[in-house]
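Please examine the structure shown here. A short exchange of questions and answers accompanies it.

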Amino acid sequence: MALVGSVARRYAKALLEIGVAHKNAEAMGQELDRLVELFQSSIELADTLRNPVFPLSRRRAVLDEVIKRLAFSPQSMVRNFTLLLLDRGRIASLPDIAREYRGLLDESLGRVRVQVTSATPLDGAVESRLQQALAHQTGKTVILEKSVDPALVGGIVSQIGDVVYDGSVRTQLDNLKQQLLAE
Amino acid sequence: MRVTTLHKMMRGAGRWWGLGLLLGTLTLGSAAAWAQEGGEHGERAAAGEAGEHGGHGGEHGEGACTAESSDEECLEYWEHHINWWDTDYKKGPEQLREHRHMPPPFGMALINFCIFAFIMYRLAGQPLMESVRTRHLKIKKDLDEAAELRQAAAAKLKEYESRLAAVDAEVNGLINQLRAEAEAEKTQLIAQAEVEAERIRRDAESQIATEMLRIRRELRREVVEAAMATARKVLAENTTPEDQRRLAEQYLRELAGMGSEARS
């Protein structure tokens, strides 16, 4: 069962403190992301690690082997951390902890992640100007997480947390539709 | 009352019963004597007096029973005479000839009866009187109850007669009441039907108006959606990279404008 947000946040905060102390918080975040990506891409792996039918020692061995193949750094604490989660039966909450970790790390480094969706791929100049505009808007270093959605027809949509800046043609058409229906 | 008088009479009858019995006996004796006497007068008239003989009735002249009389004459004689006290009535060698066919002495039979009546009075008189009294009381009670029942029946009859007399008026009243109620109900039903019809008409009008509005809105929605789908399709087909750049520029300008507004 997934951890509730506050508990996942406490695990993430503890891991971040270790990462900051060892000055490899960024690398640990990347390793967490790779591990989460692997979990989400392999349902069988996630199910095996969560299934209490298998002995804990076997599951530990499987997780250890997976981590070895991911070739984490020798000083990485992620291996020990994920084995701890497995021992405590909370390995299923790893994606939540990774997300919280990323947020805490960005916050500690003065960064903000912005989901940018456009109808067509943005060229480098527009992307750079958008990053600057958003940095100017938020006062933080902006990391763009880009995606393409042709359903937007045209324009750009940026989302920072719960705030959305919507400049898509689809939304303009929807607004026009609502106005016409409301008349 | 008659019953009460009879009761008193019955209570007094016990005392007088023996006297009545004695009087009856004497009356019987007198009657017998009168009959014998009458017979003797007849015989005197027929045969003249022939002189007295013994303790029994006269045996005079023709019809008398003497030693010389035949058996038929003696039989004829005793058929009309009473032997009061003579005990020589049994046949045998000691019986005198003039006593042939003599009946037993009636006086002795009378005394025997009186003794029997006295004994009966002494032994069975009281229970008999008690029985008669009990029966009398029972009959009296039955008569009283019958009288009460009769009175009750008469009262009931009178009540029914009065009720029957009132039934017609009551029936007429009920009929009139039912007619009035039916009329009132009819009026009420008509009024309710009119109200219901009016409500149905209003509901139908409202439903028609609502349905018209819904259809209009539906039509408008379909038209707008069709127009939007067409517009989206046309824009998607005809938007060029230049248009995309222009849209991006506009977006960046608006974003910058928002930043300026926020700062100001």
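The exchange below treats a sheet, two helix packings and a contact between chains.

This is a predicted model, in which local features need pLDDT of at least 70 and side-chain atom pairs count only at pLDDT 80 or more, while totals for chains, interfaces and linings use all residues. Residues are numbered from 1 along each chain as its sequence is written, and chains are lettered from A and ligands numbered from 1 in the order in which they are written.

Reader: Which strands stand at the edges of the open sheet of chain A?

Author: Strands are DSSP runs of E with at least two residues, and helices are runs of H or I with at least four, numbered from the N terminus; two strands pair if DSSP finds at least two bridges between them. The sheet of chain A is open and mixed, with four strands in the order 2-1-3-4. Two of these strands have a single partner each, so one side of each is left without a neighbour in the sheet. They are strand 2 (141–148) and strand 4 (163–166).

Reader: What is the bridge partner of Ile160(A) in strand 4 of chain A?

Author: Strand 3 (residues 156–160) of chain A runs antiparallel to strand 4 of chain A, and four bridges join them. Within strand 4, the partner of Ile160(A) is Val163(A).

Reader: Are helix 8 of chain A and helix 3 of chain B roughly parallel or roughly antiparallel?

Author: Axes are lines fitted to C-alpha atoms, for helices over the stretch in contact, and angles run from 0 to 180 degrees between N-to-C directions. Helix 8 (residues 169–182) of chain A and helix 3 (residues 106–238) of chain B pack at about 160°, with axes 10 Å apart. Angles under 35 degrees count as roughly parallel, over 145 as roughly antiparallel, 65 to 115 as roughly perpendicular and the rest as oblique. The two helices are therefore roughly antiparallel.

Reader: Which residues of helix 4 of chain A meet helix 3 of chain A?

Author: Helix 3 (residues 43–50) and helix 4 (residues 56–69) of chain A pack at about 140°, their axes 9 Å apart. Residues are in contact if their C-beta atoms, placed from the backbone, lie within 7 Å. Helix 3 of chain A brings Leu45(A), Thr48(A) and Leu49(A), and these meet Arg59(A), Val62(A), Leu63(A) and Val66(A) of helix 4 of chain A.

Reader: Which element supplies the largest share of the side of chain B that touches chain A?

Author: The contact takes 21 residues from chain B and 20 residues from chain A. On the side of chain B, helix 3 and helix 4 (241–263) each supply at least two residues. The largest share, twelve residues, comes from helix 4 of chain B.

Key. Two residues are in contact if their C-beta atoms, placed from the backbone, lie within 7 Å.
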